[in-house]
Amino acid sequence: MKSPLVVSITGAAGQIGYSLLPRIASGQVFGYDQPVALRLIEIEPGMKALAGVVMELNDCAFPLLESIEATSDLDHGFSGANWALLVGSVPRKAGMERKDLLGINGKIFIGQGQAIERNAADDINILVVGNPCNTNCLIAMNNAPGVPQNRWHAMTRLDENRAKSALAEKAGCHSRDITKLAIWGNHSSTLYPDFENALINGDPVGKYIPDRAWLEGDFIKDVQQRGAAIIAARGLSSAASAAHAALETVMSLRETTPAEDWHSVAVASDGSYGVEKGLICSFPTRSDGKTASIVQGVELSDFAKAKFQLTLNELLEEKAMVSELLPK
Ligand code: NAD
Ligand code: LMR
């Protein structure tokens, strides 16, 4: 038996947590030969519900679930963590943009970054899901200077999946036929889903969808607004699809990405594509099974560059909004 992998999850009693946990405990994410030790982190008011979640996990009798610790103490929650999924935070309500949550959620990520630096394992990897995830990740990363910047990720895989699903519907193909669909920028209503570099069955999207006006218009808008559409329909923000995308992100980072594809995740910029170093920005990335690297040399048309600039501007605005949360 391998030694257990320690996985810390904040907001574990929330809706996304409820979808994530059984899949992690089952072995689906880290491997069917890999025991996991869960550290489930909640704020005090969430601890009662978390106790119920723990009962349910125990009642599944998962063979690979080594242990569960439920805590509201960040030092305990991140101790020895190999992976940290930072989900805990307040979701937006109808009529709000995700960045409207910065005032309430941003500060959460100071203490979490500091506790990760103090307590996590040397090989810690972090995925931030709680919104606005790019800038929350920026805050946590800057409050954990001892953790290498390439361990920090924020989730845009849900946007990639949404874009694939929308293109497949329009093209009359299956979403599995679509590769190289990159989300550039922020997980927000300015994100840019790059249909110009995406492929359907290995061919440019335009071969299947000649309606350029739809691609430039409704396609982009619908992907940007999909989260809001789900809130309008469900009265709650996405959870099953969000949990699925979070787990796919982790799995993709732990595998070598095939040369003919890439995936979207927001990472600390290394200056690629003119993005300010250290900004948490979504790019096309490939993993070597340990670390995601930004794919170089992707051609952006003038149309794409203009869209990318808009979402970059928003990331810079968000950074300025939280400047007091970033240590000098
Ligand atoms: P939820 O309200 O159902 O659950 C959030 C949980 O976090 C609650 O149990 C709450 O008690 C807990 N929590 C709050 N502050 C905490 C803290 N400081 N430490 C630990 N736990 C804390 O919300 P949800 O639907 O699970 O969504 C969680 C977050 O994920 C929201 O911010 C939402 O907007 C975001 N989200 C992001 C994406 C994405 O694509 N990046 C997709 C969906 C949702
Ligand atoms: C989503 O994209 O579904 C999430 O970010 C939740 C939201 O607020 O839209």
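What is the handedness of the crossing of α5 and α6? The crossing is right-handed, and the notes below start from that pair of helices. Please keep in mind as you read that this is a predicted model.

1. **Helices α5 and α6.** Let's begin with the two helices from the opening question. Helix α5 covers residues 108-119 and helix α6 covers residues 133-142; their axes come within 7 Å and cross at roughly 45 degrees. That angle makes α5 oblique to α6. On the α5 side the meeting residues are Phe-109, Ile-110 and Gly-113, and on the α6 side they are Asn-136, Ile-139 and Ala-140. Sorted by class, this contact of α5 with α6 holds 4 nonpolar residues, 2 polar ones and no charged ones.

2. **The loop before α6.** If you step back along the chain from α6, you reach Pro-132, which sits in the loop between β5 (125-128) and α6. The peptide bond between Asn-131 and Pro-132 is cis, with omega at about -5 degrees. Asn-131 is worth remembering, as it is listed among the closest residues to ligand 1 and also among the residues around ligand 2.

3. **Ligand 1.** How many residues surround ligand 1? There are 25, and the closest are Gln-15, Glu-42, Ser-89, Val-129 and Asn-131. Some individual atom pairs are good to look up on screen. Gln-15 places a polar side-chain atom 2.8 Å from an oxygen atom of the ligand. In the side chain of Ser-89, an N or O atom is 2.9 Å from an oxygen atom of ligand 1. Val-90 takes part through its backbone, where a polar atom lies 3.3 Å from an oxygen atom of ligand 1.

4. **Ligand 2.** Around ligand 2 you will find Arg-92, Arg-98, Asn-131, Leu-158, Arg-162, His-187, Gly-227, Ile-231, Ser-237 and Ser-238. Three side chains from this list each have an N or O atom paired with an oxygen atom of the ligand: Arg-92 at 2.5 Å, His-187 at 2.6 Å and Arg-162 at 2.7 Å.

5. **Helices α1 and α11.** Gln-15, met above beside ligand 1, belongs to helix α1, which spans residues 15-26. The axis of α1 comes within 8 Å of the axis of α11 (residues 240-253), and the two cross at roughly 45 degrees. The pair is therefore oblique, and the crossing is right-handed. From α1, Ile-16, Ser-19, Leu-20, Arg-23 and Ile-24 meet Ala-240, Ala-242, Ala-243, His-244, Ala-246 and Leu-247 of α11. By class, the contact of α1 with α11 has 8 nonpolar residues, 2 polar and 1 charged.

6. **Helices α1 and α2.** Helix α1 also packs against α2, at an angle of about 30 degrees and with the axes 11 Å apart. That makes α1 roughly parallel to α2. The contact is made by Tyr-18, Leu-21, Pro-22 and Ala-25 of α1 together with Val-53, Glu-56 and Leu-57 of α2. Here the classes come to 6 nonpolar, no polar and 1 charged. As for handedness, α1 passes α2 in a right-handed crossing.

7. **A backbone detail after α2.** Last, have a look at Ala-61, in the loop between α2 (47-60) and β3 (65-71). What is the sign of its phi, positive or negative? Phi of Ala-61 is positive, near 50 degrees, in a residue other than glycine.

Key
Residues numbered from 1 in each chain as written. Chains lettered and ligands numbered in written order. Predicted model: local features only at pLDDT ≥ 70, side-chain atom pairs only at ≥ 80, totals over all residues. Heavy atoms only, no water. Axes fitted to C-alpha atoms, helices over the stretch in contact; angles between N-to-C directions. Helix = DSSP H or I, 4+ residues; strand = E, 2+ residues; numbered from the N terminus. Parallel < 35°, antiparallel > 145°, perpendicular 65-115°, else oblique. Left-handed = near helix turned anticlockwise from the far one by under 90°. Contact = heavy atoms within 4.5 Å. Nonpolar A, V, L, I, M, F, W, Y, C, P; charged D, E, K, R; others polar. Near = heavy atom within 4 Å. Polar contact = N/O pair within 3.5 Å; in protein donor to acceptor, adjacent residues only side chain to side chain.
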